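Grab a coffee and open the viewer: here are some exercises to work through by eye and by reasoning. Try each task before you read its solution.

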Amino acid sequence: MEADWNEIARINPPGPSPNSPSSPVTTFAFDTDQELLWTGNEYGRVTSFYGLELQRYTSWRAHISSSPRGAPGNAPVKQFLLYDKGVISLSTRSVHCSARRGLAQWHIVLPDMVDLRCMSFTGKLSSTSEIVVAGCQQQMYRIDVEKGTVTETMKPAAMVPYTMMRRANNYICAASHDGSIHLLDPNTLAVVQKWQAYAGTVNDMDARGDHLLTCGWAHQQYGGLGLERLVRVFDLKRLRPAAPISFQQGAAYVRMHPKLSSTCIVLSEHGAINSIDVLNQDVPVMRFANTFEAQLTGLQIMPSGKGFAMSDTHCQIVLWGSQSKVQYTEYSRPTEFPDPVMQSKHLDWAADLPSNLIGMPYYREALLSGWPNSLVHEVGAPPVRLDQAILTALRKSDYGMVGPNPRKTKRYEVEDTRASQRVQDALAAPRFLSEKPRGDNGDGEPERRLSEDIGKVLSNLSMNGSSKADMLAYYRPVEIKYSKFGVDDFDFRYFNKTKYSGLETHIVNSYANPLLQLFRFTSTVRNLALRHTAKDCRYESCLLCELGFLIDMLEKAEGQNCQATNLLKALSKQPGAATLAILEDHTINTPLTIMLQNLNRFLLERLEDCVRKVTFSTSELQAALGTRGSAFSRCTHCGYEDAKEQSWYSHDLMYPPKPTKHSPRPVRYAFTRLLQDSVHRYDQQRGYCNRCQGYKAITSRRVVHAMPAVLMINAAIHTPEARQLWATPGFLPQEVGIINANSQFYCYEGPDLQHHLQRRNHPITVYELVGFVADVAAGEAQKPHLVSIVDAGISSPDPSRTGDWHLVNDFLVRPIAQEEALVFDPRWKLPSVLAYQTKHRSHEIDNLWKGSIDKSILYRSLAQPAFDPSYEFKTLSDADPLPGVQTHCAIDAEFVRLLREEIDMGADGSRTITRPARSGLARVSVLRGNEPNAGVPFVDDYIAVEEPVDDYLTQYSGLHAGDLTAGVSQYTLVPLKEVYKKLWVLLNLGCTFIGHGLTSDFRTINIHVPEEQVIDTQDLFSLGYRSQRKLSLRFLAWLLLHEDIQQNAIAGHDSIEDARTAYKLWRKYLEYVGEDMLEDVIDDIWRKGRPLGFQVPASMEKDGRRLPMGPETPRSSAPGTPSRTPATMARTTPGRLESGNPLPLK
């Protein structure tokens, strides 16, 4: 390893498919004949790269991975062997050989191949006609390389799980899983000598000439296994151990130099590199590779010995060597490339050049441009896009995927895919926030241009105008577009300029958004949910609590977009939900309006169970939502009648039967007539009679005893006659009067209602229309869609506000006229669920629940096991002051990735994110922000996650596999709702939260905290007009607090440490503001951070901890500029540089 060796190239090998991210490299090797580098991944794909630029050469799938899409592969390539005719690759269940251009030579798969790990040539070093394959299984195989056949299957008496093999001298050196080394005879594969090398496993091994070098895991001083700080050497000529090589950083990988027989290169996981002579260890050559917080996973030396390659956990391959001298092999054969494409001759055709000089070829047939129009036809229509609901229902079979036919068209009909492309949506997606020009203060534009505003196109539309097609754009489905910055870069304010918040759509079961908005604007339901949420409800999947959380979030957001993530997740956990048609993952070809009506019925019934678990009494819920009465069933055969008390939380409308052909003039039915027949229902059907002991004709009827405060009605439109009935102008009344007396039930509207209100002969209850969910199909090529239309004035505490109708289309919210709201058209707009509320309950907004919040959950927090002696935790007690408006809390959260993002690859190669990655809350730490005990946590909870975790994000979260699994984790786990309830209680008690980057944290937690209750250190030390860059917590702590946090790159971040650091930064900010020096501090941050890229200076890692290689941490109270530039990567030994004193602030 010479002095000018350095990093010369770095690449990310391709993933399992063209639109997937890079996957980890499981093995790699340099070609012995050509300038090629071979890599393999966990999906069985073999890829080669050419030259120093690592240009992609060939790629093929040598081994089949049967893992589902999005999951890690289960066919990792374990090892490569190269010979003159091709490349042999080994996976756990197969052996494959291909030519270097990718043509398969042979492929071997046997039933007893279950866990293959290693292979080696058996002949002399120049012989490549036979290999031996072994692994952690009983069988070993001899394979003829030329024929591609298994010549012998061996079953040793005692199974030895071999994991690595190297051919050297007269032996095959094999390492076993238990840490022992075996020397095998190449001809008989008998064990010549063996010894126990390590207490753990052998991490790496190499053999060349007379030396065998190994690295492995051994017992450490304080218990546990760790990489041994020695490279063990074995003399193959004398068959005895030689002097080991000391390597204090922990030897992870070792390779013998191909040209210098006694020289080796040793590598640690964190980038320390030593080039050592085995026979003379006094003068090692030491270097350090920048790993960018990754761990190295492999090492290979070029056959020429003029460079080497490393792989790391960031799915990258790093090439090291001398830029001017490096080459893979000394005498390489030329690599074959595809024939070059012939370039067309360039014609210098200028504007003033006569056309006759260009010339035209002679054509024997008519040109296409000369064909008559009658012969021109459109071909190549775009394919039909399969619905996601259909794809989820497909199951594998021997001949492909099989699933139910959705039957959206008749057998002889073909979907016109061009028509769907020609549909122009007037609400084009806005520009991303990152693309908008900044104002003078560094923020986004204060006002949008009219060309970007929805109102320019649709502000003057009318119901009877000529632009009806444009008006329907408001009702079409709205989609979230994702940039490289994620969903936070989407301009939601483009779609909503009101104070009422919308709900996002990229969540499973988000079709329920309109129904949830309807509940939110029904003040009785709103009050009921919030009063229940304020109680100490310990039911983990309580839908009423989740509804209260959601309503409170929508009210606090005041127009900012929200998500119903937690509620919809709790919905999927409800008993019996999977068997009903209410979950998108379990529903096939069910209309959305039917799903919503089923959901309305299911939700209201489940709310009763949720209330009963807390109060053991459902009287309040029944008074709010339940129609109480008696249900009578009578057998027409024997006259036996049965009665039982019952509560109905929703009512399906009953429509008149279809008139006969010769019936007299049809009768006009009013809405109240349908409502009366539906509530005071009379049915006849076949049922089981206990007296007759058989199925007989049963008549059923209802007698209503008490009406609720809210009537939830399912429109249940299933026939053309019912659809046409809703097209009657003024069919849906805004007020309905109900008289329920002496077992009689009557409904009135319009003049009849006013007449009974004036006479007052009977007590009459007046209901007012709160809103409804509409099923719309705004366009022939548009799929059905659900929106909610609500009278927001009813839910306002101001009694003077009435008739304030709004359209809520997911996150699109806009005011509309009453005439537009209450008109229906069977061609594109029909109601699905309606909500009426008693008129005296209008404008009744109960906020007394804020003063009666049960705070006992804050006192139930438990300390976690103290694995770190510095861990400190103190639960809130009665001696502590009750959290309130003057209370400050430092908070930080850690997350895991539950689902990878979904990417759609267009025909033009464009990549569009269709669904972002989904994260889950994993840990929350809340620290006291007031004296006494400031900085001491009182909440430190790990959340039990029942869903599969795609990535624990260990380098950020500090979590590992099993840490969030109940029964396996070493931590005390709590349900998500309990953690969320603690934060919700602190929020509503008026506490102020201190943290760094809290906007994204609160979004993932799915809670909205008003700006006046948030102190974000990312904003406190914002660079303002200087730059839009957000400064990291680690950089601010290093520069302002002189602390190096997040040091352990392996263990990840600690939420308590991050929250405490944010608290200290806030105190520092108050100090700067009090001394009127904040702007000077930010100027120095800008001046000092810009040369460093606003990162802590380059570092090295030792035992998992980062050690500074750049300037020392400043020691004064203000940022300073180092007087000497940081060391470059060319330093051979890590050292600490001197730095000048920071510049004092003026």
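The exercises below deal with helix packing, sheets, an aromatic pair and some backbone details, all in a predicted model.

**Exercise 1. Work out how helix 7 and helix 8 are oriented towards each other, and which residues make the contact.**

Start with the geometry. Helix 7 covers residues 543-557 and helix 8 covers residues 565-572; they pack at an angle of about 165 degrees, with axes 9 Å apart. Next, put a word to that angle. Anything over 145 degrees counts as roughly antiparallel, and helix 7 and helix 8 are therefore roughly antiparallel to each other. The crossing of helix 7 past helix 8 is left-handed.

Now for the side chains. Helix 7 brings Leu543, Glu546, Leu547 and Leu550, while helix 8 brings Asn566, Leu567, Ala570 and Leu571. Sort this contact by class and you get six nonpolar residues, one polar and one charged.

**Exercise 2. Do the same for helix 5 and helix 7: what is their relative orientation?**

Helix 5 is residues 513-521, and it packs on helix 7 at about 75 degrees with the axes 10 Å apart. The window for roughly perpendicular is 65 to 115 degrees, so helix 5 is roughly perpendicular to helix 7.

On the helix 5 side you should find Leu516, Gln517, Phe519 and Arg520; they meet Leu547, Leu550, Ile551, Leu554 and Glu555 of helix 7. The class tally for helix 5 with helix 7 is six nonpolar, one polar and two charged. Look back at Exercise 1 as well: Leu547 and Leu550 of helix 7 are also in the contact with helix 8.

**Exercise 3. Now take helix 7 and helix 16. Which classes of residue make up this contact?**

Geometry again. Helix 16 (residues 976-988) packs with helix 7 at an angle of about 40 degrees, the axes being 12 Å apart. That makes helix 7 oblique to helix 16. Their crossing is left-handed.

Then list the players. From helix 7 come Cys545, Glu546, Phe549, Asp552 and Lys556, and from helix 16 come Lys977, Tyr980, Lys981, Trp984, Leu987 and Asn988. Count them up by class for helix 7 with helix 16: five nonpolar, one polar and five charged.

**Exercise 4. Find the edge strands of the open sheet with the order 1-30-29-28.**

This sheet has four strands with antiparallel pairing. Look for strands with a single partner: strand 1 (6-11) and strand 28 (296-301) fit, so each has one side without a neighbour in the sheet. Neighbouring strands here are turned by 20 degrees against each other on average, direction ignored.

Zoom in on strand 1 and its antiparallel partner, strand 30 (residues 317-321): five bridges join them. To check your register, pick Ala9, whose bridge partner in strand 30 is Leu319.

**Exercise 5. Repeat this for the open sheet with the order 6-7-8-9.**

Again there are four strands, paired antiparallel. Strand 6 (79-83) and strand 9 (104-108) each have a single partner strand, so they are the edges, with one side of each left without a neighbour in the sheet. The average twist from one strand to the next is 15 degrees. Strand 8 (residues 95-98) pairs with strand 9 in the antiparallel sense over four bridges, and Ser98 has Ala104 as its bridge partner in strand 9.

**Exercise 6. Describe the hairpin of strand 33 and strand 34.**

Strand 33 (residues 627-635) and strand 34 (residues 641-648) run antiparallel and are joined by eight bridges. Ala631 stands opposite Lys644 in strand 34. Five residues lie between the two strands, and Gly639 in the turn has a positive phi of about 80 degrees.

**Exercise 7. Classify the ring pair of Tyr50 and Phe337.**

The ring centres of Tyr50 and Phe337 are 5.0 Å apart and the planes stand at 85 degrees, so the pair is edge-to-face. It links distant parts of the chain: Tyr50 sits in strand 4 (residues 45-50) and Phe337 in the loop between strand 30 and helix 1 (388-393), 287 residues apart.

**Exercise 8. Where do Gln693 and Pro932 sit, and what does the backbone do there?**

Gln693 is in the loop between strand 36 (682-689) and strand 37 (694-706). Its phi is near 55 degrees, a positive value in a residue other than glycine. Pro932 lies in the loop between strand 49 (918-928) and strand 50 (937-943). The bond joining Glu931 and Pro932 is a cis peptide bond, with omega about -5 degrees.

Technical notes:
Residues are numbered from 1 along each chain as its sequence is written. This is a predicted model: local features need pLDDT of at least 70, side-chain atom pairs count only at pLDDT 80 or more; totals for chains, interfaces and linings use all residues. Side-chain values use heavy atoms; hydrogens and water are left out. Axes are lines fitted to C-alpha atoms, for helices over the stretch in contact, and angles run from 0 to 180 degrees between N-to-C directions. Angles under 35 degrees count as roughly parallel, over 145 as roughly antiparallel, 65 to 115 as roughly perpendicular and the rest as oblique. A crossing is left-handed if the near helix is turned anticlockwise from the far one by less than a right angle, and right-handed if clockwise. Contact means heavy atoms within 4.5 Å. Ala, Val, Leu, Ile, Met, Phe, Trp, Tyr, Cys and Pro count as nonpolar, Asp, Glu, Lys and Arg as charged, and the others, Gly among them, as polar. Two strands pair if DSSP finds at least two bridges between them. Rings of Phe, Tyr and Trp (its six-membered ring) pair if their centres lie within 6.5 Å; planes under 30 degrees apart count as stacked, over 60 as edge-to-face and the rest as tilted.
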